[in-house]
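Student: I would like to take a close look at a single part of this model, the surroundings of ligand 2. Please describe that site step by step.

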Amino acid sequence: MFTKKKVTGLVLTSVAGWLCLVFQVSGAESIHHISSETCKTCHKEVFKQWKESMHANSTALSDPIHGTFYRNVAGEPTEEGVLHKASQKYPVCLNCHAPNAARDKSTKLDANVAYSEGVNCVACHTLKSYNGIQAPDGKLQLGIKAYELADKIQGPGRYSNRALSKLAASNDLFGGDAAEGSKPNPHLGEPVMMDGQEIPALPMESNPKQTKTSDACMGCHDQRNNPHGVPLCQTGNEYTMSDSKVNCLSCHMPVSSGIADHSMGGGHDLTILQRSVVFDVTAEKNGDKLVAKVLMLNQQPHSLPTGAPFRNIHMLLTAYDKDGNPLWKNAEGHPGETDPQAYLVYALANDEGKPASPPTATKLGKDTRLKPHESRTLVYEIPAKDVVLVRGELYYSLLWPGLAKQFDHLPEDLTSPKLIASSEASL
Ligand code: HEC
Ligand code: HEC
Ligand code: HEC
Ligand code: HEC
Ligand code: HEC
């Protein structure tokens, strides 16, 4: 993008001086068009973390699950002028899933690298202050609409003394590679040269109130309703209900090797899922019965699972004999029908109370997920004869089982349940 502009600028200069003036006035690159590839020139480690995250894969071009819904409720992400079918307005989705395109009211997400990068560096680092998602007119203002936007990079304020230094002394911000030495600083308001490439001026200001608190996340992660006013995601509401004083960053952006980690794992990340829950199975003999207790403790100040309504968790409990043969199970296959207490899910319903998809739901169904910090124990009575081991397994799925079957065009790692915890009790 930048190089293209520069070439155009040169051509214009040689054609006519006044044209060049026009280019400089109107063609200066807006900050929200700056690709994360530019930031990568110096911030290599942060870039690597971000690139693997769902933030870098948030558009309908790169997230197959979002892409399926987006094409259904809006249209092709490569076309201009697409409307949200239900409201006949600019698709609200893009305020969160492709914020730089939303700033230009564009729906052609391949028109600019900064659009297709979804929630990229500048999308977060130009959020200046959070106004909340309740607009004065009673409607919801979502994603970038919930924020004042800046044309300067907003940072937590760890940088060196501006008056004294044009170079940054610390290597931490770039991944701690001491051999690389210091970097030229484009954040002082002048373009700099780096690896033979011109980096545009990226003026920066210190804004710890925005960047070091949950305000950095809430505009996109609080509540989102479907066209019928049914809340689909409500991580923010759950968090508020928990009364927690711990912010989102302390878990989702832990400091590691000198930088705030930008991987921001969630439902797509097995490691953070494994950390989410304390899962413990105990069993005691009581006459000819075993009483098995299954503890599930949610460690988060939001529900488990949180996020999109089709996230769900199910628990399988099996009793084995000494040869490893299963003698008893809490459910054959998925427990949703036969052992509903072992299914943690946030159901959506239509007017008849039947299960409904996110775009069509008119009311909330049952919410059996673990509440923020909830500790829940399920109790099972099992015939004790020949049982030597009781094993519990907890599985996380991105999609409801029915939806996963319907979405057979998706890669299997998105549709199959993942084992996130297991526990065994020996008799
Ligand atoms: C040419 C190298 C270079 C490039 C390219 C670059 N930065 Fe930086 N960045 C720096 C340096 C040097 C510092 C340390 C500044 C200081 O100490 O004054 C820094 C610091 C930061 C900080 C931390 C500020 C704070 O408040 O602690 C943020 C945030 C940041 N950069 C974001 C970005 C973003 C976003 C981009 C891409 C749009 C980018 N940078 C591109 C060199 C670069
Ligand atoms: C501009 C909007 C925006 C902001 C600001 C934002 N996010 Fe996100 N975030 C998204 C979107 C959109 C996705 C989902 C991408 C997808 O799955 O398609 C996402 C995904 C995530 C996920 C992963 C979910 C998964 O399915 O694996 C986590 C965790 C997360 N964000 C945490 C945060 C935290 C913590 C902050 C604040 C530091 C934050 N986000 C700020 C829009 C945003
Ligand atoms: C989802 C929002 C989000 C995205 C996307 C994002 N950042 Fe950040 N970034 C933050 C927040 C919030 C902080 C402050 C963390 C803190 O200080 O606790 C931060 C901190 C930083 C810092 C300072 C690190 C430190 O340890 O002080 C740098 C440098 C930075 N970001 C660069 C980038 C670059 C480069 C990209 C793109 C590759 C990027 N960020 C993408 C939200 C984001
Ligand atoms: C105590 C640590 C902790 C805190 C604090 C925390 N989270 Fe999480 N978060 C997790 C864990 C662990 C998971 C994975 C399990 C799950 O999905 O609930 C997760 C999952 C998520 C997801 C993934 C949802 C999806 O659909 O895949 C999002 C989004 C998210 N958190 C956002 C937030 C936001 C926003 C905040 C602040 C309001 C926050 N979290 C605070 C630990 C935390
Ligand atoms: C307020 C911000 C916001 C808006 C508006 C929004 N989303 Fe999202 N969406 C998110 C966030 C954040 C996530 C990921 C974390 C979670 O699950 O909560 C997400 C996740 C999703 C997912 C799951 C993706 C996955 O990888 O599993 C789908 C599907 C989705 N959104 C579709 C849509 C559609 C379609 C629209 C527009 C009708 C839309 N979203 C509007 C913030 C938003």
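Tutor: The iron atom of ligand 2 has two protein donors, the NE2 atom of His55 and the NE2 atom of His221, which lie 2.0 to 2.1 Å from the iron. Please keep in mind that this is a predicted model.

Consider next the geometry at the metal. Around the iron atom of ligand 2 there are 6 donor atoms, and the angles that they subtend run from 85 to 179°. The arrangement is therefore octahedral, since six donors count as such if opposite donors are over 155 degrees apart and all others between 65 and 115.

The positions of the two histidines in the chain also deserve attention. His55 belongs to the loop between α4 (44-51) and α5 (64-73), whereas His221 belongs to helix α11 (residues 215-221), so the pair ties together parts that are 166 residues apart in sequence. As for its exposure, His221 has a relative accessible area of 42% and is thus partly exposed; this value falls between the limits of 20% for buried and 50% for exposed residues.

We may now turn from the iron to the whole ligand. There are 23 residues around ligand 2, and those that come nearest are His55, Asp63, Cys217, Cys220 and His221. Both iron donors, His55 and His221, are thus found in that nearest group.

Polar contacts add further detail. A polar side-chain atom of His55 lies 2.8 Å from a nitrogen atom of ligand 2. Two other side chains face oxygen atoms of the ligand: a polar atom in the side chain of His268 is 2.9 Å from an oxygen atom of ligand 2, and a polar atom in the side chain of Arg311 is 3.0 Å from an oxygen atom of ligand 2. In terms of secondary structure, the elements that contribute two or more residues to the shell around ligand 2 are α6 (94-97), α11 and α13 (248-252). Of the elements, α11 gives the most, with 4 residues; this is the helix in which His221 lies.

Finally, the shell may be described by residue class. Around ligand 2, 11 residues are nonpolar, 10 are polar and 2 are charged.

To draw the picture together, His55 serves as a donor to the iron atom and has a polar side-chain atom 2.8 Å from a nitrogen atom of ligand 2. His221 is the other protein donor, and its helix, α11, gives the most residues to the shell.

Terms used:
Residues are numbered from 1 along each chain as its sequence is written. Chains are lettered from A and ligands numbered from 1 in the order in which they are written. This is a predicted model: local features need pLDDT of at least 70, side-chain atom pairs count only at pLDDT 80 or more; totals for chains, interfaces and linings use all residues. Side-chain values use heavy atoms; hydrogens and water are left out. Donors are N, O and S atoms within 2.8 Å of the metal (3.2 Å for Na, K and Ca); water is not among the atoms, so sites may look incomplete. Four donors count as tetrahedral if all angles lie between 85 and 135 degrees; four count as square planar and six as octahedral if opposite donors are over 155 degrees apart and all others between 65 and 115; anything else is irregular. Buried means under 20% relative accessible area, exposed over 50%, partly exposed in between (1.4 Å probe, protein chains only). A residue is near a molecule or strand if one of its heavy atoms lies within 4 Å of it. A polar contact is a pair of N or O atoms within 3.5 Å; within protein, one must be able to donate a hydrogen and the other to accept it, and residues adjacent in sequence count only if both atoms are side-chain atoms. Ala, Val, Leu, Ile, Met, Phe, Trp, Tyr, Cys and Pro count as nonpolar, Asp, Glu, Lys and Arg as charged, and the others, Gly among them, as polar.
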